[in-house]
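Please read the following report alongside the sequence and the coordinates. It goes from sheets and cores to the contact between chains, and ends with some backbone details.

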Amino acid sequence: MSGAAATRAEALGAALPPLVVAAERVAATVMQGVHGRRRAGTGDAFWQFRPFVPGDPSSRVDWRQSARSDRLFVRETEWEAAQTVALWREPGETMRWRSHLSAATKRERAELLLLALAALLLRGGERVRLLPSPDRRAFAGRGALPALAESLARHDAAPADAAIPRHARVVLFGDFLAPLEEVSRTVAALAARPVRGHLVQVLDPAEETLPYAGRVRFEGLAAPRTGEEPVLVPRVEGVRALYAERLAQHRAGLMAIAAGVGWGFAVHHTDQPPEAALLALWLALAPQG
Amino acid sequence: MLSLGPVAFAAPWLLLALPALPLLWWLLRVTPPAPRRQVFPPIRLLRDLPAVEQTPARTPWWLLALRILAAALVVLGLARPVLGPGAGTGVAAGAAPLLVVVDDGWAAAPDWPARMAAAAAAVERAGREGRRAALLATAPAETGAPPAVSALMPAEELRARLAALRPKPWAPDRAAALAALRRFREAHPGGFESLFVTDGVEHAPAGAPEGFAPLAAALAEAGPLTVARAEGRPVRRLAPPSAEADRLGVTVQQIPIAADAEAAVLARTGDGRVLARAAVPIAAGAAEGRAALELPLEIRNQVVRLELDEPAGAAGVVLLDERFRRRPVGLVAGGEGTADAPLIGELFYLDRALAPFTEIRRGALDQILARRVAVLVLADRTVPEGPERERLERFVREGGTLVRFAGPRLAERPDPLLPVALRAGERQLGGALSWEQPQRLAAFPDHSPFAGLPVPEEVTVERQVLAEPAPRLAERSWARLADGTPLVTADARGAGRIVLFHVTANAEWSNLPLSGLFVEMLRRIVALSAGVAGVEGEQPLAPLETLDGFGRLGPAPPAAAALPANRIEAIAASPRHPPGWYGTPAQEGEATYRRALNLTAGLPPLRAAPPPAGAALLPIGGLPAERDLGPWLLAAAFLLLALDMLVSLGLRGLLSAPRRAAARAGAAVLLLALLAPAAPVQAQRVPGGPEPEGAAALATRLAYVATGDAAVDEIVRSGLVGLSDYVNRRTAAALAEPVAVVPGRDDLAFYPLLYWAVTPDAPQPDARAVEALNAFMRHGGIILFDTRSEGSGEGFAPGARAALRRVTRDLAIPPLAPVPEDHVLRRAFYLLSELPGRFAGGTVWVAREVDRANDSVSPVIVGGHDWAGAWAIDSRGNNPYAAIPGGARQRTLAYRFGVNLVMYALTGNYKGDQVHVPAILERLGN
């Protein structure tokens with residue numbers, strides 16, 4: 001390991017605690033109430049007594065309950081299956097941008113939402129992992145959030161992971177401004193595992209409304225690296241409606257992709273409070289089963 | 001040259017660029033304004049948008065018109081348009097060379113710009129017509145070179161020479177100019193046209209052959225002559241004034257005109273302030289007018305310059321030098337420490353009395369005698385035998401005047417440097433143990449220099465030193481008391497004189513120093529003294545500062561030479577001796593000595609020079625000259641381009657709303673900044689605001705230094721409240737509520753005592769605070785420093801002693817000693833053997849009694865007994881802080897110390913007399 005890498009890690013680590021704290025704060029506003037599988041299974045919580053049927057191992061007989069009557073009872077606990085939730089945040093350069101209308105970049109907001117969701121999930125006993133988990137590691141327990149945050153800071157990969165458990169849940173945060181075919185391919189690959197999931201499109205308000213005027217030369221974020229051609233718009237007011245139409249078309253395509261595989265889709269703007277988005281996301285994830 | 005009606009173009013070929021303007025139109029039409037750059041991630045969605053509304057990207061037609069107008073203005077401006085070509089030059093069109101003759105002597109300075117404009121217009125015109133021109137200035141140049149005709153050159157090149165011409169502070173030499181013209185005619189025999197810009201004054205001295213007429217005739221002979229001269233205002237100059245007893249007589253000379261006129265003369269100080277103005281009426285047809293500048297002598301001494309209140313150049317300025325001799329006065333006091341104390345210092349009244357009309361020097365005797373003074377005043381200063389006395393004797397023998405004032409020290413130790421022998425001790429008139437009344441002054445004897453001064457009734461003398469009776473005492477007495485005892489005696493020694501006032505120079509022995517008579521007496525003595533001689537004889541005086549043609553002082557030109565001191569009155573101004581200040585530069589211990597060489601002192605009487613018959617006359621000034629329009633057109637073009645830039649920025653969206661808001665906010669801040677200084681002025685007038693100035697002086701009160709620690713401040717405040725209560729109950733003193741003060745911010749003069757609780761973190765006071773505290777102590781205030789950690793309280797405030805050292809580092813603390821057993825502080829009201837506060841057992845320090853300043857009252861008391869803690873009372877009248885080791889006795893003693901302290905601060909060592917009771921009783925017994 002070079003010294004520079006360690007220094008960078010340290011710098012990232014120094015930046016993480018407030019992020020984690022912010023995520024915890026956001027997560028605390030969401031009441032945790034929906035959990036448990038509501039049927040007998042392996043777990044710690046008492047579920048029901050049922051009459052002893054032959055074949056049950058004698059060690060499962062609840063002798064205290066059985067002594068109250070003539071019959072033998074077996075104690076059943078509720079089935080508490082820990083679900084694995086894989087989380088992904090789009091690593092692209094388009095995420096590192098904010099307009100004058102917003103205080104946070106899309107990447108910052110996506111990470112905040114991701115960590116807040118992770119905090120909620122960890123508190124609920126679920127297992128959380130990043131989508132391409134570098135060491136196939138899943139985090140569990142409430143203390144795992146800082147480690148997850150640290151791992152997230154180093155995370156920049158496409159949402160593809162061969163090691164993801166079947167029937168796991170996936171939540172993807174990003175602006176999904178890439179062509180629809182790319183998004184569709186990614187989602188299809190994941191859905192084929194099969195996993196179910198949720199897309200959260202994080203957009204800057206300026207991307208929604210195009211609030212510029214006059215003659216403007218638009219440049220891409222990656223233009224210096226990729227040599228992306230700038231676009232000269234002679235009069236931005238004139239194309240605003242057209243742009244809104246295109247954005248709506250793009251979003252409709254994303255929704256169609258999500259609906260096609262039975263996934264959820266939500267839009268979040270960086271000028272809106274993250275709590276609302278988190279609650280909606282939580283409710284969308286929870287009431288299964 | 002292209003003339004279009006009233007406008008002509010000097011560079012018409014540039015107008016060819018005008019047809020190219022439509023090209024600019026086309027270029028601007030096809031070039032849209034530069035776009036704004038904006039980073040935008042969803043750029044993909046913006047690609048391949050159908051081209052809608054491309055037209056607004058083009059420049060609007062009115063912006064195009066603006067730009068083309070600006071470009072047209074630039075082209076027109078560069079083509080050098082001239083409005084009214086040839087107007088007012090008075091020079092006919094032709095091909096002959098032009099000779100411009102300019103009078104550049106002193107008389108040309110007042111309307112110099114108009115003269116230059118007239119000459120420049122003629123040269124300009126000649127230049128446009130392609131003629132050649134030459135220039136002849138009639139006054140000698142600064143280098144002393146006689147007038148000469150310049151080479152014949154293209155008129156454009158002559159313009160720079162003309163612009164470099166300046167009026168000279170001396171007279172033109174027309175005879176030399178005529179000689180130069182003859183040489184020019186020999187070199188260029190052809191005819192030429194000439195323009196003579198003349199000042200209309202005959203400068204040749206009376207009796208000498210005239211200078212103007214021959215020159216004009218020679219010019220007329222060579223070709224057409226135009227004489228340009230100023231009309232409408234007479235040539236005026238200011239003659240050197242005549243000094244009379246209490247006024248300066250000023251004379252304004254002018255060439256007679258047919259109407260009554262009035263000139264004005266200003267008297268200015270060295271730094272340019274106007275001290276007086278005198279209106280000088282000049283009757284019709286008169287050659288001069290007189291008036292008087294009435295100024296008191298003190299003010300007159302400050303006047304260094306008289307000048308006409310109109311543009312008159314060097315001839316309107318007269319410099320006043322020191323025609324009367326300077327008489328510097330040296331002041332030496334006996335006790336230097338308190339000599340300047342307001343109202344009681346020995347030199348306080350002397351300084352006030354002498355400062356308005358003499359130059360005062362202060363310092364040690366050696367320093368003052370090292371320089372030259374006319375009068376040396378010793379206020380109660382004894383002169384012990386030794387080199388000092390020898391130097392003083394020499395000073396008097398060589399013509400110095402030594403003025404001495406009596407006092408306790410002189411009464412104890414008289415020395416020989418006195419006009420009369422003195423009896424030992426002093427005489428007291430009036431007072432508690434005397435039947436005699438304070439004596440008034442008798443009228444001054446006739447032989448006294450004070451003779452004739454009115455003797456005010458209210459001047460009385462309570463104490464004086466007495467002269468031993470001697471045969472010549474009467475004639476040595478300059479002033480006597482009503483009973484005949486001498487008050488001021490004087491005696492000549494060598495070339496000098498010793499004068500003795502038998503009273504002090506402050507109001508302690510008599511109220512003479514408070515009266516106006518004192519000032520008059522000192523003035524007579526100073527006037528009687530021999531002055532400090534200046535430089536005389538053949539000694540050269542170097543030029544220090546000289547006047548230029550406009551009457552402004554500046555460094556002397558290189559050609560200026562020194563002149564002998566005794567001939568400065570007779571020398572006329574010339575390039576070698578320009579008018580101005582001459583003298584010896586400042587040397588070690590000596591101020592600059594300077595004499596004035598005035599232009600008008602050496603000029604012949606004013607005579608008019610009538611223009612020759614047959615010459616065309618041209619009045620200068622008043623006629624519209626040619627006006628160059630180019631700069632105005634270019635400025636307008638730049639304004640339009642700036643406007644265009646603003647509009648372009650607006651079109652590109654770069655002048656966004658926040659920026660406009662910022663601009664507005666900036667303007668508001670600027671406006672506030674302009675208004676802010678006015679606000680406090682108004683605040684002072686608001687009724688019911690902070691206490692008016694001086695309210696603190698209405699009652700006696702104790703004060704404490706605000707430490708910044710609220711708890712400590714509260715303890716000290718309640719302590720001083722408790723002490724004030726105690727003092728009010730037990731004594732006749734009436735103390736008001738104590739106040740907190742910040743040294744350097746608050747005026748400390750109202751408080752007799754300052755309680756300073758030194759906290760361990762007390763900062764070092766800043767320079768202003770130190771100055772205020774030192775002044776407070778010097779003028780009789782007492783500061784009590786309390787470290788609150790002495791004796792039984794050791795360790796209560798660790799670090800307070802270091803803080804005390806820090807706080808007092810810059811203060812003028814006298815040498816300290818523990819409070820002696822018989823110190824007044826222990827006896828001022830109660831008899832105390834110890835001085836406890838909340839703590840007891842520590843040492844309390846006061847100033848050692850070596851200094852008799854402030855009646856031996858110690859300006860500081862230093863201790864650590866936390867007296868304020870012991871005196872403190874709470875709202876129910878209880879003492880909230882326990883005394884250590886304790887007991888009601890300690891508290892009582894603490895209060896008694898407080899009473900003694902207040903008495904000490906209020907009465908000084910008045911109670912110290914008790915200390916001497918045994919000695920007094922013993923003396924009475926004898």
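The paragraphs below describe a predicted model, beginning with chain A.

**The open sheet of chain A**

In chain A, five strands make up an open sheet whose order is E4-E3-E5-E6-E9, and the pairing within it is parallel. Strand E4 (127-130) and strand E9 (264-269) of chain A stand at the edges, and because each has a single partner strand, one side of each is left without a neighbour in the sheet. From one strand to the next the twist averages 20 degrees. Within this sheet, strand E3 (residues 84-89) and strand E5 (residues 169-174) of chain A are paired in the parallel sense over five bridges, and A:Leu87 has A:Val171 as its bridge partner in E5(A).

Two helices of chain A lie across strands of this chain. Helix H8 (residues 236-260) of chain A lies across strand E6 (196-203) and E9 of chain A, and its direction makes an angle of about 145 degrees with E9(A). Helix H9 (residues 274-285) of chain A lies across E5, E6 and E9 of chain A, running at about 175 degrees to E9(A).

**A buried strand in chain B**

Strand E38 (residues 782-786) of chain B is largely enclosed by the rest of the structure, because five of its five residues are buried. In a regular strand the side chains alternate between the two faces of the sheet. Both faces of E38(B) are covered, with B:Ile782, B:Leu784 and B:Asp786 buried on one side and B:Ile783 and B:Phe785 buried on the other.

E38(B) has parallel pairings with strand E37 (residues 753-757) of chain B, to which five bridges join it, and with strand E41 (residues 860-863) of chain B, where the pairing extends over four bridges. The chain passes from E37(B) through helix H19 (residues 767-778) of chain B to E38(B), in a β-α-β crossover that is right-handed. Individual residues can be placed in these pairings: B:Ala757 has B:Asp786 as its bridge partner in E38(B), whereas B:Leu784 stands opposite B:Ile861 in E41(B).

**Nonpolar cores**

The largest nonpolar core has 83 residues, of which B:Val100, B:Ala119, B:Leu136, B:Val250 and B:Val265 touch the most other members. Helix H4 (residues 112-128) of chain B gives the most to this core, with seven residues. When residues up to four places away in sequence are not counted, the residues that B:Val265 touches include B:Leu238, B:Val250, B:Val252, B:Ala278 and B:Val280, and also B:Leu293, B:Leu306, B:Leu308 and B:Asp309. Apart from the largest core lies another, of 67 residues, which has B:Val705, B:Leu804, B:Leu825 and B:Phe897 among them.

**Where chain A touches chain B**

Between the chains, 27 residues of chain A are in contact with 24 residues of chain B. On the side of chain A that touches chain B, the elements giving two or more residues are strand E7 (216-219), strand E8 (231-233) and H8 of chain A, and H8(A) gives the most, with seven residues. By class, this side of chain A has 15 nonpolar, five polar and seven charged residues. Strand pairing also links the two chains, since four bridges join E7(A) to strand E3 (residues 36-39) of chain B in a parallel arrangement, with A:Val216 standing opposite B:Arg36 in E3(B).

**Backbone details in the loops of chain B**

Most residues other than glycine have a negative phi, and most peptide bonds are trans. A cis peptide bond joins B:Ile884 and B:Pro885, with omega at about 5 degrees, and B:Pro885 is placed in the loop between helix H21 (867-871) and helix H22 (888-907) of chain B. The table gives two residues with positive phi.

| Residue | Phi | Loop in chain B | Other C-beta atoms within 10 Å |
|---|---|---|---|
| B:Leu343 | about 70 degrees | between strand E17 (329-333) and helix H9 (348-354) | 10 |
| B:Arg788 | near 60 degrees | between E38 and helix H20 (800-807) | 25 |

Is B:Leu343 buried or exposed? With 10 other C-beta atoms within 10 Å, B:Leu343 is exposed, because a residue with 12 or fewer such atoms is classed in that way. B:Arg788 is buried, with 25 other C-beta atoms within 10 Å, and the cut-off for that class is 20 or more.

Technical notes
Residues are numbered from 1 along each chain as its sequence is written. Chains are lettered from A and ligands numbered from 1 in the order in which they are written. This is a predicted model: local features need pLDDT of at least 70, side-chain atom pairs count only at pLDDT 80 or more; totals for chains, interfaces and linings use all residues. Two strands pair if DSSP finds at least two bridges between them. Axes are lines fitted to C-alpha atoms, for helices over the stretch in contact, and angles run from 0 to 180 degrees between N-to-C directions. Two residues are in contact if their C-beta atoms, placed from the backbone, lie within 7 Å. A crossover is right-handed if, with the strands pointing away from the viewer, the path from the first strand over the helix to the second runs clockwise. A nonpolar core is a set of buried Ala, Val, Leu, Ile, Met, Phe, Trp, Tyr and Cys residues joined through C-beta atoms within 7 Å. Ala, Val, Leu, Ile, Met, Phe, Trp, Tyr, Cys and Pro count as nonpolar, Asp, Glu, Lys and Arg as charged, and the others, Gly among them, as polar.
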